[in-house]
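Q: Please take a close look at the salt bridges of this model, and go through them pair by pair. Then place them beside the ligand site, the cysteines and any unusual backbone geometry.

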Amino acid sequence: MSSKDEPVNLRETLETIRKDALAAIDGAADAESLEKARVRFLGRKGLLSRALSGLRSVPPEERPEAGKVANEVKETLETSIRIRADQLASLADRSEVAPVDLTMPGRRPWRGGVHPVSIVIDEICDIFKELGFTRAAGPEVETDWHNFTALNIPLDHPAADMHDTFYLDEGVLLRTHTSPVQARVMMEHDPPVRILAPGMAFRRDPYDASHAPAFEQVEGLAVDEGIDFIEFRAAIDYFVHRFFGASTRTRFRPSYFPFTEPSAEVDVSCMICEGSGCAVCKRTGWIEIMGSGMVNPAVFEAVGYDPERYTGYAFGMGPARIAMLRYGIPDIRVLYEADVGFLEQFA
Ligand code: PHE
């Protein structure tokens with residue numbers, strides 16, 4: 001170390017201090033020994049300040065340079081102490097963490113849920129499955145033959161008009177209903193046939209609280225020998241009781257569809273007011289849930305089924321409307337907008 005008579009090589013001393021100090025800092029196993037190292041090297045009476053007192057014996061022209069080196073060493077040591085202190089602190093944190101409790105239930109991230117319309121579609125399909133129906137699918141881009149002609153809808157019918165239908169090309173369109181799946185299934189399979197075909201349908205409708213230009217339908221079709229209106233009605237009653245509840249009543253209202261004869265709109269007693277009349281059922285006590293009817297023999301002829309031998313029934317319902325009724329959703333648009341806050345309720 002410095003002595004008054006011996007000239008010191010201050011630089012060398014500083015280098016030694018730096019090396020020794022760094023070794024002590026890195027080797028400090030806990031906060032206490034780190035603090036000891038700090039005091040020993042950087043303390044007021046520490047090795048560094050003692051070495052600096054030797055500056056006085058350095059020739060004046062070398063002092064600035066020696067001072068600079070001394071400062072660098074000081075900064076290096078301070079930084080190293082801070083880093084080592086952080087390391088020791090996080091090591092201490094880790095060792096304080098409670099042991100893992102393997103019996104504790106995990107935290108489940110939200111993985112999304114089933115959309116309310118899909119919930120309704122799945123339930124409809126599950127109930128009809130009990131009656132022997134399987135699922136079928138057809139394309140959303142259809143030919144006008146499947147969408148209209150095979151279903152006994154002439155192409156000059158208002159439903160086939162440019163104003164109601166999205167045409168993609170001549171004779172090619174976005175299906176306006178899921179009924180063309182009836183034609184496709186019958187072209188592919190011989191009777192007996194019992195299918196449900198959920199899917200999207202497209203119409204030039206406004207987008208407002210009760211309409212959407214793209215919306216779901218669930219098509220149903222049963223064809224066999226000897227199917228009569230009574231079987232049809234029994235199947236619909238079974239579905240209504242299972243889906244809406246045993247006390248729900250069903251009403252068939254005469255209607256018209258070119259592909260069914262006779263045709264009926266199916267109403268169920270309002271599940272909100274139980275038939276006494278409210279805003280949801282527009283004071284009628286009834287809510288329409290589907291169009292339906294006995295398959296028109298003209299459709300059997302179009303798809304190559306023997307209309308003398310086979311009879312059947314078909315229906316089409318709108319699961320979005322049904323979801324709105326069931327969950328009390330006042331505006332259809334929330335079903336088509338990706339509002340996670342809304343959808344989370346069904347997770
Ligand atoms: N396809 C008809 C519609 O979209 C509904 C329907 C289906 C009616 C099957 C009768 C039979 O309105």
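A: The structure holds 16 salt bridges, a salt bridge being a side-chain nitrogen of Lys or Arg within 4 Å of a carboxyl oxygen of Asp or Glu. This is a predicted model, in which local features need pLDDT of at least 70 and side-chain atom pairs count only at pLDDT 80 or more, while totals for chains, interfaces and linings use all residues. Residues are numbered from 1 along each chain as its sequence is written, and side-chain values use heavy atoms, with hydrogens and water left out.

One of the pairs joins Arg135 to Asp122, with the closest N and O atoms 2.7 Å apart. Arg135 belongs to strand E1 (residues 134-135) and Asp122 to helix H5 (residues 116-129), so this salt bridge ties together parts that are 13 residues apart in sequence. Helices (H or I, at least four residues) and strands (E, at least two) are DSSP runs, numbered from the N terminus. Arg135 is partly exposed, at 48% relative accessible area, and Asp122 is also partly exposed, at 32%; the scale used here calls a residue buried under 20% relative accessible area, exposed over 50% and partly exposed in between, with a 1.4 Å probe and protein chains only.

Helix H5 takes part in another salt bridge, between Glu123 and Arg326, whose closest N and O atoms are 2.8 Å apart. This pair links distant parts of the chain, since Glu123 sits in helix H5 and Arg326 in helix H10 (residues 319-327), 203 residues apart. Both partners are partly exposed, Arg326 with a relative accessible area of 32% and Glu123 with one of 26%.

Between strands, the side chains of Asp224 and Arg194 meet in a salt bridge with an N to O distance of 3.7 Å. Asp224 lies in strand E6 and Arg194 in strand E5 (residues 193-202), 30 residues apart, and the pair thus links distant parts of the chain. Asp224 is partly exposed at 22% relative accessible area, and Arg194 has that status at 22% as well. Elsewhere, Arg251, Arg253, Asp267 and Glu288 are joined into one network by salt bridges that share partners.

Turning to the ligand, 14 residues surround it, and those that come nearest are His177, Ser179, Arg203, Gln217 and Gly316; a residue counts as near if one of its heavy atoms lies within 4 Å. An N or O atom in the side chain of Arg203 is 2.8 Å from an oxygen atom of the ligand, and a polar side-chain atom of Gln217 is 3.0 Å from a ligand oxygen, while a polar side-chain atom of Ser179 lies 2.9 Å from a ligand nitrogen. Taken alone the ligand exposes 330 Å², and the protein buries 90% of that, the areas coming from the Shrake-Rupley method with a 1.4 Å probe. Strand E6 (214-224), strand E9 (286-295) and strand E10 (311-317) each give two or more residues to the shell around the ligand, and E10 supplies the largest share, 3 residues.

The cysteines form 0 disulfides, a disulfide being a pair of cysteine sulfur atoms within 2.5 Å. The sulfur of Cys278 is 3.7 Å from the closest cysteine sulfur, that of Cys270, which is too far for a bond. Cys281 is likewise in no disulfide, with the nearest cysteine sulfur, in Cys273, 3.7 Å away. Cys278 counts as buried at 12% relative accessibility, and Cys281 counts as buried at 3%.

The backbone has some features that deserve mention. A cis peptide bond with omega about 5° joins Pro191 and Pro192, and Pro192 is found in the loop between helix H7 (180-188) and E5. The peptide bond from Glu261 to Pro262 is also cis, with omega near -5°, and Pro262 lies in strand E8 (residues 260-269). Asn152, which is not a glycine, has a positive phi of about 65°; this residue belongs to the loop between helix H6 (144-147) and strand E3 (167-169) and is partly exposed at 33% relative accessibility. Arg283, another residue other than glycine, has a positive phi near 65°; Arg283 is placed in the loop between E8 and E9 and is exposed, with a relative accessible area of 62%.

Note on methods: A polar contact is a pair of N or O atoms within 3.5 Å; within protein, one must be able to donate a hydrogen and the other to accept it, and residues adjacent in sequence count only if both atoms are side-chain atoms.
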